[in-house]
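User: I'd like to practise reading a structure with you, feature by feature. Could you give me the general idea each time and then show me the case at hand?

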Amino acid sequence: MNHPKWFTHPVTMLVLSILALAGSLSLYIYWYVEASSSLYKIARMLNTDPAQFSKPGTWVVITVLSILVGVILLGILTIFVYTIQARRLYRVQRNFINNFTHELKTPVTSLKLYLETFQKHELPKEDQQRYLGYMVADIDRLSDNIARILNLAKLESKTYEDELILCDVYAFTENFLKTHSHVFLDSKITLDNPSGHMLPCRINQSLFGILLMNLLTNAITYNESKVPEVEIRFEIHKKKLHVVFTDNGVGMEKQHFKRIFKKFYQIGRSDDMSAKGSGLGLFMTATIARIHNARIKASSKGLGQGSEFRLIMPFRW
């Protein structure tokens with residue numbers, strides 16, 4: 001979709017349409033008032049009743065006309081809003097396609113290069129093992145991208161399995177980190193449960209695992225520190241459990257706090273590849289939170305000062 005010129009931009013067309021309608025109504029009322037004034041003058045000159053020259057229903061017509069113009073303006077405004085939303089959706093979808101294509105193409109190209117190297121050269125066993133490690137990492141990257149799309153399809157079609165069951169969220173998170181320790185080898189992830197009590201909540205274990213993975217990989221991906229650090233703190237506030245994810249990543253500006261949970265939304269630009277990821281991880285996280293009757297909020301002190309994601313869940317003692 002090409003950028004429109006200023007005179008064909010939706011905002012320009014909206015302003016011109018409103019001005020045209022308002023101008024038409026104003027001219028009609030002005031014409032009627034002028035015509036009525038002239039008729040009253042003629043009536044006085046002829047010593048006749050002015051009511052003979054005017055119809056009592058005229059102002060009713062003007063009122064109805066004003067209402068119709070208001071309805072037309074409302075319709076134009078509605079079309080304008082939907083047009084802007086459609087343009088924004090097209091833009092974020094285009095960014096998603098560009099970035100996701102890059103996410104898929106890069107490991108495929110890398111795998112092809114390694115396989116061609118194996119095909120053309122006799123490599124020492126040490127080099128073979130190193131290249132095989134790179135290939136496994138590329139395959140994991142491809143698998144993660146494919147799994148993300150499949151999980152999104154399940155969430156949106158509501159075909160996910162398992163019901164919500166009562167579970168100690170702290171113990172579940174601790175076990176999740178042990179099971180996936182190979183994913184976070186170069187990172188430092190700590191758990192903090194100040195209460196020291198069990199933290200029972202009703203969760204779908206498979207979906208909650210996806211939520212944890214998305215938040216942790218997001219904290220590590222958007223991180224320029226030598227050692228990415230994430231602290232997961234469990235706080236009890238009244239009848240709610242707050243699971244707080246605090247990282248030492250790149251941080252973000254306030255304008256992104258709510259937008260990052262929208263589908264395909266990314267911080268950065270797709271044309272210079274400053275936007276990372278697919279724009280689906282945090283959208284899926286917010287969707288999973290809603291499934292658990294929970295909500296999630298993002299905050300940051302600013303660029304370069306890390307981010308905080310706060311998951312607020314119903315809590316059962």
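Analyst: Happy to; we will go from the overall fold to the sheet, and then to single residues. Please keep in mind that this is a predicted model.

User: Let's start wide. How many helices and strands does the chain have, and what pattern do they follow along the sequence?

Analyst: There are six helices and seven strands. Read along the sequence, they give α-α-α-β-α-β-β-α-β-β-α-β-β. Of the 317 residues in the chain, 34% are buried. The chain exposes about 20,200 Å², and carbon and sulfur atoms supply 60% of that area. As for contacts with a separation of 6 or more, 71% are made by residues 24 or more positions apart.

User: Now the sheet. In what order do the strands lie, and which ones are at the edges?

Analyst: The general idea comes first: strands of a sheet pair through backbone hydrogen bonds, either parallel or antiparallel. Here, five strands form an open sheet in the order E2-E4-E5-E7-E6, with mixed pairing. The edge strands are E2 (188-192) and E6 (295-299), and each of them pairs on one side only. From one strand to the next, the twist averages 15 degrees.

User: How do I see the mixed pairing strand by strand?

Analyst: Take the pairs in turn. E2 and E4 (residues 229-237) run parallel and are joined by five bridges. In that pair, Lys-188 stands opposite Glu-229 in E4. E5 and E7, in contrast, run antiparallel, with seven bridges between them; there, Val-243 stands opposite Leu-311 in E7. E6 and E7 are also antiparallel, joined by five bridges, and Ser-299 faces Glu-308 of E7 across that pairing.

User: Which helix packs on the sheet, and which strands does the helix touch?

Analyst: Helix H4 (residues 169-179) does, touching E2, E4 and E5 (240-247). Its direction makes about 160 degrees with that of E2.

User: And how do I judge how well an element is covered?

Analyst: Count its buried residues, meaning those under 20% relative accessible area. In strand E7, five of the seven residues are buried, so by this cut-off E7 is mostly covered. Helix H6 (residues 281-291) is mostly covered too, with ten of its eleven residues buried. Among the buried residues of H6 are Leu-282, Phe-283, Met-284, Ile-288 and Ile-291.

User: Let's go to single residues. Is Ser-307 buried or exposed, and what is Ser-307 in contact with beyond its sequence neighbours?

Analyst: Ser-307 sits in the loop between E6 and E7 (308-314). Ser-307 counts as buried because its relative accessible area is 9%. Leaving aside neighbours within four places in sequence, its contacts are Phe-245, Thr-246, Asp-247, Gly-251, Met-252, Ser-299 and Ser-300.

User: What about nonpolar side chains at the surface? Which residues make a nonpolar patch?

Analyst: Look at Val-15, Leu-16 and Leu-19, which make a nonpolar surface patch of about 280 Å². Val-15 belongs to helix H1 (residues 10-45), and its relative accessibility of 42% is why Val-15 counts as partly exposed. A general point helps when you look at a helix: an α-helix has 3.6 residues a turn, so residues three or four places apart point the same way.

User: Can we compare that with a residue from another helix?

Analyst: Try Lys-112, which is found in helix H2 (residues 58-120). Lys-112 is exposed, with a relative accessible area of 53%. Lys-112 and Met-135 are 23 residues apart in sequence, while their C-alpha atoms are 9.3 Å apart in space.

User: Last topic: backbone angles. What should I look for?

Analyst: Most residues other than glycine have a negative phi, and most peptide bonds are trans. With that in mind, look at Lys-238, whose phi is near 55 degrees, a positive value in a residue other than glycine. Lys-238 lies in the loop between E4 and E5, and counts as exposed because its relative accessibility is 79%.

User: Where is Asn-293 found, and what is the phi of Asn-293?

Analyst: Asn-293 is in the loop between H6 and E6, just after H6. Its phi is near 55 degrees, again a positive value in a residue other than glycine. Asn-293 is exposed, with a relative accessible area of 59%.

Note on methods: Residues are numbered from 1 along each chain as its sequence is written. This is a predicted model: local features need pLDDT of at least 70, side-chain atom pairs count only at pLDDT 80 or more; totals for chains, interfaces and linings use all residues. Side-chain values use heavy atoms; hydrogens and water are left out. Two strands pair if DSSP finds at least two bridges between them. Helices (H or I, at least four residues) and strands (E, at least two) are DSSP runs, numbered from the N terminus. Axes are lines fitted to C-alpha atoms, for helices over the stretch in contact, and angles run from 0 to 180 degrees between N-to-C directions. Contact means heavy atoms within 4.5 Å. Buried means under 20% relative accessible area, exposed over 50%, partly exposed in between (1.4 Å probe, protein chains only). Patches are made of residues with over 30% relative accessible area and no salt bridge: like charges are joined within 9 Å, nonpolar side chains (Val, Leu, Ile, Met, Phe, Trp, Tyr) within 5 Å. Accessible areas come from the Shrake-Rupley method with a 1.4 Å probe; for residues, only the protein chains shown count as cover. A salt bridge is a side-chain nitrogen of Lys or Arg within 4 Å of a carboxyl oxygen of Asp or Glu.
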